[in-house]
Amino acid sequence: MNEMFSLEGKVALVTGGSYGIGFAIACGLAQAGASIVFNDINQELVDKGLAAYAEQNIPVHGYVCDVTDEKAVGELIATIEKEVGVIDILVNNAGIIKRIPMCEMSAEDFRKVIDVDLTAPFIMAKACIPSMIRKGHGKIINICSMMSELGRETVSAYAAAKGGLKMLTRNICSEFGGQNIQCNGIGPGYIATPQTAPLRERQADGSRHPFDSFIVSKTPAGRWGDPEDLIGPAVFRASDASNFVNGHILYVDGGILAYIGKQP
Ligand code: NAP
Ligand code: GCO
């Protein structure tokens, strides 16, 4: 059974892996035996990540690369293949969110979110798939969201991107499943990371943020998720244990998507 979940001998690339969900997933894949490579958008963040992985005694390779820059991504993949090896597992984790009421949001801001959260996973997958095909296998894990299924005020661009990412996941499954490439999604619920920090900030009077209380009441688990809650699902998705799972989004959300909510 352990062999089925082992990632020994595999190379995993986690985009935006300096902290947050990407960092936790990378640590989990390392514990399962994978060699970890991560990128982030600038040297400062890569250095922050290198220090954080060192604290966990996890050897990693870190590179600066903006995942929206197709030329830079091509160079990144070539460098990784030369310095580390062919990428067996790609985790498209890097992402941004802009919380702006739709009619106040500029098309430029909308496009930026789409660029990072949807176009970049396309660019990354397109850069990794040829070598995966040559190698005879590949795992692509797209970090989707509850907003792949639901909308809410102020996150129109993010929801559109994550909904598109769900369908890109299914399309990569459809186009490359025959070459033994499994492309699946992980849809985290509300996870305590820097990205959601504004939704959990204490109010001036020391009380909890209303959205914080809302999410806790809407989640059957009665809590926000931790990045570590995603480790098991990620190892499953990255390992031979999921070789016949393809085009599927696994929601790791404490049950929130299943729950209509408590009667007020
Ligand atoms: P985060 O704390 O904001 O971390 C995202 C990482 O991606 C950061 O290191 C960020 O760098 C990096 N990044 C952003 N744009 C990039 C680019 N163009 N090129 C390379 N790296 C880039 O986010 P998180 O909460 O860990 O979320 C990680 C993923 O999970 C995202 O795709 C997010 O949409 C998704 N997600 C999060 C939650 C949640 O509740 N937290 C739930 C569902 C899904 P910077 O520091 O420069 O931004
Ligand atoms: C928001 C949050 C969510 C989470 C996550 C939920 O503003 O509603 O940022 O979008 O990040 O994507 O799954």
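Contact here means heavy atoms within 4.5 Å. With that cut-off in hand, start at one helix pair of this predicted model. Glu 70, Val 73, Ile 77 and Glu 81 are the residues that H4 brings to H5. From H5, the partners are Ile 123, Met 124, Lys 126, Ala 127, Cys 128 and Ser 131. By class, this contact of H4 with H5 holds six nonpolar residues, one polar residue and three charged ones.

Now step back to the geometry. Two packed helices are described by the angle between their axes and the distance between the axes. H4 covers residues 70-83, and H5 covers residues 107-135. Their axes come within 9 Å and cross at roughly 35°. The crossing of H4 past H5 is right-handed.

A second pair involves H2, residues 20-31, and H8, residues 231-238. The axes of H2 and H8 come within 9 Å, and they cross at roughly 60°. H2 is therefore oblique to H8, since angles that are neither roughly parallel, roughly antiparallel nor roughly perpendicular count as oblique. H2 passes H8 in a right-handed crossing. On the H2 side, Ala 24, Ile 25, Gly 28 and Leu 29 make the contact. On the H8 side, Ile 231, Ala 234, Val 235 and Ala 238 do so. Seven residues of this contact of H2 with H8 are nonpolar, one is polar and none is charged.

Turn next to the ligands. Around ligand 1 there are 28 residues. Tyr 19, Asp 40, Asn 93, Tyr 158 and Thr 193 come nearest to ligand 1. Which polar atoms face its oxygen atoms? The side chain of Lys 162 places an N or O atom 2.9 Å from an oxygen atom of ligand 1. The backbone contributes too. A polar backbone atom of Ile 191 is 2.8 Å from an oxygen atom of ligand 1. For Gly 189, a polar backbone atom is 3.4 Å from an oxygen atom of this ligand.

Ligand 2 has 14 residues around it. Nearest are Arg 99, Ser 145, Arg 152, Tyr 158 and Gln 195. Tyr 158 is thus listed among the nearest residues for ligand 1 and for ligand 2. Arg 152 has a polar side-chain atom 2.6 Å from an oxygen atom of ligand 2. Met 146 uses its backbone: a polar atom there is 2.9 Å from an oxygen atom of ligand 2. Gly 189 appears again here, with a backbone N or O atom 3.2 Å from an oxygen atom of ligand 2.

Technical notes: Residues numbered from 1 in each chain as written. Chains lettered and ligands numbered in written order. Predicted model: local features only at pLDDT ≥ 70, side-chain atom pairs only at ≥ 80, totals over all residues. Heavy atoms only, no water. Axes fitted to C-alpha atoms, helices over the stretch in contact; angles between N-to-C directions. Helix = DSSP H or I, 4+ residues; strand = E, 2+ residues; numbered from the N terminus. Parallel < 35°, antiparallel > 145°, perpendicular 65-115°, else oblique. Left-handed = near helix turned anticlockwise from the far one by under 90°. Nonpolar A, V, L, I, M, F, W, Y, C, P; charged D, E, K, R; others polar. Near = heavy atom within 4 Å. Polar contact = N/O pair within 3.5 Å; in protein donor to acceptor, adjacent residues only side chain to side chain.
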